[in-house]
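User: I'm new to this one and would like to walk through it piece by piece. Could you show it to me before we start?

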Amino acid sequence: MRLENELKAALLEGQFKLYYQPKIDASSGEVIGAEALIRWLHPEYGMVSPAKFIPLAENSGVILDIDEWVLQEACRQNKIWQLEGMPRFPVAVNISARHFYQSNLIPTITRILHETGLEPQYLLLEITEGTLIRNVEYGVRMMEDLKQMGIHISMDDFGTGYSSLSQLDRLPISEMKLDRSFIQGITEDSRKSSIVRAVIELGHHMDLRVVAEGIESPDELKYLTDLECDQFQGYLFSKPLPELEFSRFVLRWD
Ligand code: G
Ligand code: G
Ligand code: NA
Ligand code: MN
């Protein structure tokens, strides 16, 4: 079977599953968000990493179906957590560049929010810098439309892709997410720490929050706390977890 068909079949057969990784607020220490990360529970090969199948899905059209499923599932789950009385926080969904340029992204999100009953401020979209290479004007307009709807946007993997520094002041984003390649080894590598320090300062000047991902050690956390990074995410706190384990994590954490 061609991979495209296999991915479509997997979607129909319910072989995809969302895991959630907590985002921690630097000042309160509380869980203030969750990033949804897809997993493929393949009947033969076991758990397949999105790093393997997302790029392939992006080369066919099936990424649109996958992203739509992820949006639906993440919004549905966040609403369930709210109804269960969990503290409210936004769920972050990764949107591929290809989907961003699909004219039906906004109607799709509108429908999903309506169907799930989730308010727009509880959905955060993570897009990478590379998303804007294709057409900055269009990308900015799309982001403005999303902002109008009350949806926040995070610039993911900041610092790794096409540098949109010249465009940064035009982008209606709420947060910058420092790529984990800058975080790993930050305590020993003065080059990395200079970059991170500068990005945090830049973000704060632009009234953006700065999130560090991929934090694995208490030393890295201490370092980033001293640099006044706003939010933290990484294995130090938790790996991405299935929904039930995630809610247990939140309850234990508080
Ligand atoms: O969870 P993990 O680190 O294995 O993810 C690997 C890559 O797959 C990351 O770059 C991540 O952004 C991407 N990814 C994970 N989940 C999703 C998803 O739901 N949609 C899209 N488009 N990408 C995802
Ligand atoms: O591209 P994106 O930033 O969305 O990818 C996030 C990926 O990083 C996910 O696949 C997630 O599993 C992974 N991840 C999350 N925390 C850590 C961490 O502390 N260390 C490492 N190595 N990977 C992490
Ligand atoms: Na992400
Ligand atoms: Mn990232």
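User: Which helix is Glu245 found in?
Analyst: A quick note before we dig in: this is a predicted model, where local features need pLDDT of at least 70, side-chain atom pairs count only at pLDDT 80 or more, and totals for chains, interfaces and linings use all residues. Residues are numbered from 1 along each chain as its sequence is written, and chains are lettered from A and ligands numbered from 1 in the order in which they are written. Helices (H or I, at least four residues) and strands (E, at least two) are DSSP runs, numbered from the N terminus. Glu245 sits in residues 243-253, and that run is helix H10.

User: Is Glu245 buried, exposed or partly exposed?
Analyst: A residue is buried if 20 or more other C-beta atoms lie within 10 Å of its own, exposed if 12 or fewer, and partly exposed in between, with C-beta atoms placed from the backbone. Glu245 has 14 other C-beta atoms within 10 Å, so the verdict is partly exposed.

User: How far apart are the C-alpha atoms of Glu245 and Tyr19?
Analyst: Along the chain, Glu245 and Tyr19 are 226 residues apart. In space, their C-alpha atoms are separated by 9.4 Å.

User: How many residues of strand S5 are buried?
Analyst: S5 covers residues 123-128 and is mostly covered. Leu123, Leu125 and Ile127 point one way, Leu124, Glu126 and Thr128 the other way, and all are buried. In a regular strand the side chains alternate between the two faces of the sheet. For S5, the buried count is six of six.

User: In S6, which residue is the bridge partner of Leu125?
Analyst: Two strands pair if DSSP finds at least two bridges between them. S5 runs parallel to strand S4 (residues 91-94), joined by four bridges, and there Val93 partners Leu125. S5 also pairs with strand S6 (residues 152-158) in the parallel sense, over five bridges. In S6, the partner of Leu125 is Ile153.

User: Which residue in S7 stands opposite Met155?
Analyst: S6 has six of its seven residues buried. It pairs with strand S7 (residues 175-178) in the parallel sense over three bridges. Opposite Met155 stands Met176.

User: Why do the buried residues of H6 line one face of the helix?
Analyst: The buried residues of H6 (residues 136-149) are Gly139, Met142, Met143 and Leu146. Seen down the helix axis, they fall within an arc of 100 degrees, so they line one face; that arc is taken from the directions from the helix axis to the C-beta atoms. On the other side, the exposed ones are Glu137, Arg141 and Gln148. So the value behind that one face is an arc of 100 degrees.

User: Which element gives the largest share of the shell around ligand 1?
Analyst: A residue is near a molecule if its C-beta atom, placed from the backbone, lies within 6 Å of it. The residues around ligand 1 include Pro50, Ala51, Asp67 and Pro240. Strand S2 (31-42), helix H2 (50-59) and helix H3 (62-83) each give two or more residues to this shell. The largest share, three residues, comes from H2.

User: Around ligand 2, which residues come nearest?
Analyst: There are 13 residues around ligand 2. Those that come nearest are Gly214, Glu216, Gly234, Tyr235 and Pro240.

Definitions and conventions
A crossover is right-handed if, with the strands pointing away from the viewer, the path from the first strand over the helix to the second runs clockwise.
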